[in-house]
There are 2 protein chains.
Amino acid sequence: MQFTSEQRLEDGVIEREFVLGDIPGILWTPESASEPMPLILISPPPLGLRKTYPRLLARARHTVAEGYAVATIELPWSGDRPRSAAADEALADLHRALAAGGPVDDEIVDRLILPLVDKAVPEWQATLDALLALPELGGPVGYSGGVISIGTRLAVVEPRIAAAVLFAGSFVPRAILAEARKVTIPLHVLLQWDDEGNDRQMALDLFDAFGSKEKALYANMGGHTGVPQHAGEEANRFFARHLK
Amino acid sequence: MQFTSEQRLEDGVIEREFVLGDIPGILWTPESASEPMPLILISPPPLGLRKTYPRLLARARHTVAEGYAVATIELPWSGDRPRSAAADEALADLHRALAAGGPVDDEIVDRLILPLVDKAVPEWQATLDALLALPELGGPVGYSGGVISIGTRLAVVEPRIAAAVLFAGSFVPRAILAEARKVTIPLHVLLQWDDEGNDRQMALDLFDAFGSKEKALYANMGGHTGVPQHAGEEANRFFARHLK
């Protein structure tokens, strides 16, 4: 992990850009902290870090103010990272299926999501290795993520993640539904009830499948991008209950 | 409405018992309040006020401390109120159907719930008439209720109720599902995901049916009676957003 820039934002938050191999990322920490901090990994939606930066920064500032370090990395095939022809094709097939108003074939969802999960999860684990080697970061670690299948796999394979906030806003392969039974950490799952581009029943099936004894589903109105502000505050309180 | 007792609890909460006709009720208010307060009606589960008093009192204390008046009344056929042979029979039929592990006939649910709704809703309205005539109570009014069909009907017919917390933990007649579309006030619906004695799919259908633009479903684990403490705090914050 190499830091490529460092700046102090006006509210005393230190923002450091880094690269891990060819993966760009950002780490936000408070200017001064007496003890190693818990860390929250925020996985962006697959739109690229640059496009989502203002939203990520707002969340990071809020979260740093509550005593956490926050980090994010670019997802595979997003932002300035090399694209995948197969993923582009699967996405085009998904959009065609949605435009036709029909159900989306499992096969399309598999082609779109499974390679992304396979590639992203080890990248998040390598990022965690590098971040937890920094003296100011001591864990525990929370994960807050955009593509719910990535968060699901990560919760199964990565024991350093103690609690996760998952956003049920993307299609879920059946294979991930099977993996969900192996998740045992506390989960706080956000669902936009009236998210037109999402398969609500699949989201409910996934929530039901999670093996965690403590799991909560918070469903709100407002469409895919309309998560209300109080839902973000409740997610922060969930992390406070489990990471502090 | 006649007050039958008044006592000052140790934390400065005034507890007044009352009767409205033959319906017993309790009103909790702070010792001193400079302006008319918003009111939260808490509908108990159908176990009787006496049995649920410790839980009701704990909630009332917490809610009064946040600047509300809190009131409750005994549900029809509960506590010391006259029982209904028809309701007892319907309840026995429900328990038989559940014990047999089969689905519960709509007809049993109708017999159990619809007469209760028909009788309870005007009682809550009469209680509201009497309470809002008190100088210290100025509205707005929130409703927090145990039998979700009562809360649904009340939200449709009673314009003085500005926001409601509903507990999706009881069977819902199809007729109430149809009424739910007419509900337009902000709703905060609690569901215990692993509530064995509840029809979860019906709860989800009811939530979907509510016509409110602002509605949220909060599903937690812990069985019928295991609503976690933070869920109560989130419900309080919902009322604070809408009643203050």
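User: Hi, I'm new to this one. Before we start, what does contact mean here?
Analyst: Hi! Two residues are in contact when they have heavy atoms within 4.5 Å of each other. Please also keep in mind that this is a predicted model.

User: Thanks. Let's try A:R174, then. What does A:R174 touch?
Analyst: Leaving out residues up to four places away in sequence, A:R174 touches A:D106, A:D110 and A:M202. With A:D106 there is also a polar contact between the side chains, at 3.1 Å.

User: And where does A:R174 sit?
Analyst: A:R174 belongs to helix 5 of chain A, which covers residues 174–180. Its relative accessibility is 49%, so A:R174 counts as partly exposed.

User: How far is A:R174 from A:I185 in space?
Analyst: Their C-alpha atoms are 21 Å apart, while the two residues are eleven places apart along the chain.

User: Now another arginine, A:R16. Is A:R16 buried or exposed?
Analyst: A:R16 counts as buried, because its relative accessibility is 12%. You'll find A:R16 in strand 2 of chain A, residues 13–20.

User: Who are the contacts of A:R16?
Analyst: Setting aside neighbours within four places in sequence, the contacts of A:R16 include A:F3, A:S5, A:G25, A:I26 and A:E136. The side chains of A:R16 and A:E136 are joined by a polar contact of 2.7 Å.

User: Let's switch to salt bridges. How many salt bridges are in the whole structure?
Analyst: Searching over all chains gives 32 salt bridges. In general, side chains with opposite charges can pair when their charged atoms come close.

User: Can we look at one? What is the N to O distance between A:E31 and A:R8?
Analyst: For that salt bridge, it is 2.3 Å. A:E31 is in the loop between strand 3 and strand 4 of chain A and A:R8 is in strand 1, so the pair ties together parts that are 23 residues apart in sequence. Both ends are partly exposed: A:E31 has a relative accessible area of 44%, and A:R8 has 47%.

User: What about A:E123 and A:K119, how are they placed along the chain?
Analyst: They lie four residues apart in helix 3 of chain A (residues 106–132), which puts about one helical turn between them. They form a salt bridge, with the closest N and O atoms 3.7 Å apart. A:E123 counts as buried at 10% relative accessibility, whereas A:K119 is partly exposed at 37%.

User: Changing topic: how much area do chain A and chain B bury between them?
Analyst: They bury about 1700 Å², with 53% of it on carbon and sulfur atoms. On the chain A side, the residues that lose the most area to chain B are A:W193, A:Y218 and A:M221, together 28% of what that side buries. Each chain brings 19 residues to the contact.

User: How many salt bridges go across that interface?
Analyst: Two salt bridges are found between chain A and chain B. B:D208 pairs with A:R200, their closest N and O atoms being 3.2 Å apart. A:D208 pairs with B:R200, at 3.3 Å. That second pair runs from helix 6 of chain A to helix 6 of chain B.

User: And how many residue pairs are in polar contact there?
Analyst: Ten residue pairs, each with both residues at pLDDT 80 or more. Helix 6, strand 9 and helix 7 of chain A each supply at least two residues of the side that touches chain B. Strand 9 gives the most to that side, with six residues. By type, the chain A side divides into eight nonpolar, three polar and eight charged residues.

User: Last topic, the largest nonpolar core. Which residues touch the most other members?
Analyst: Those are A:I150 and B:I150, in a core of 123 residues. Helix 3 of chain A provides the largest share of this core, twelve residues.

User: Which residues does B:I150 touch?
Analyst: Not counting residues up to four places away in sequence, B:I150 touches B:L75, B:L116, B:V117, B:A120, B:V121, B:W124 and B:Y143. There is also a second, separate core of 48 residues, with A:V165, B:A60, B:A216 and B:Y218 among them.

Notes:
Residues are numbered from 1 along each chain as its sequence is written. Chains are lettered from A and ligands numbered from 1 in the order in which they are written. This is a predicted model: local features need pLDDT of at least 70, side-chain atom pairs count only at pLDDT 80 or more; totals for chains, interfaces and linings use all residues. Side-chain values use heavy atoms; hydrogens and water are left out. A salt bridge is a side-chain nitrogen of Lys or Arg within 4 Å of a carboxyl oxygen of Asp or Glu. Buried means under 20% relative accessible area, exposed over 50%, partly exposed in between (1.4 Å probe, protein chains only). A nonpolar core is a set of buried Ala, Val, Leu, Ile, Met, Phe, Trp, Tyr and Cys residues joined through side-chain atoms within 4.5 Å. Buried area is the accessible area (1.4 Å probe) that two parts lose on being put together, summed over both. A polar contact is a pair of N or O atoms within 3.5 Å; within protein, one must be able to donate a hydrogen and the other to accept it, and residues adjacent in sequence count only if both atoms are side-chain atoms. Ala, Val, Leu, Ile, Met, Phe, Trp, Tyr, Cys and Pro count as nonpolar, Asp, Glu, Lys and Arg as charged, and the others, Gly among them, as polar.
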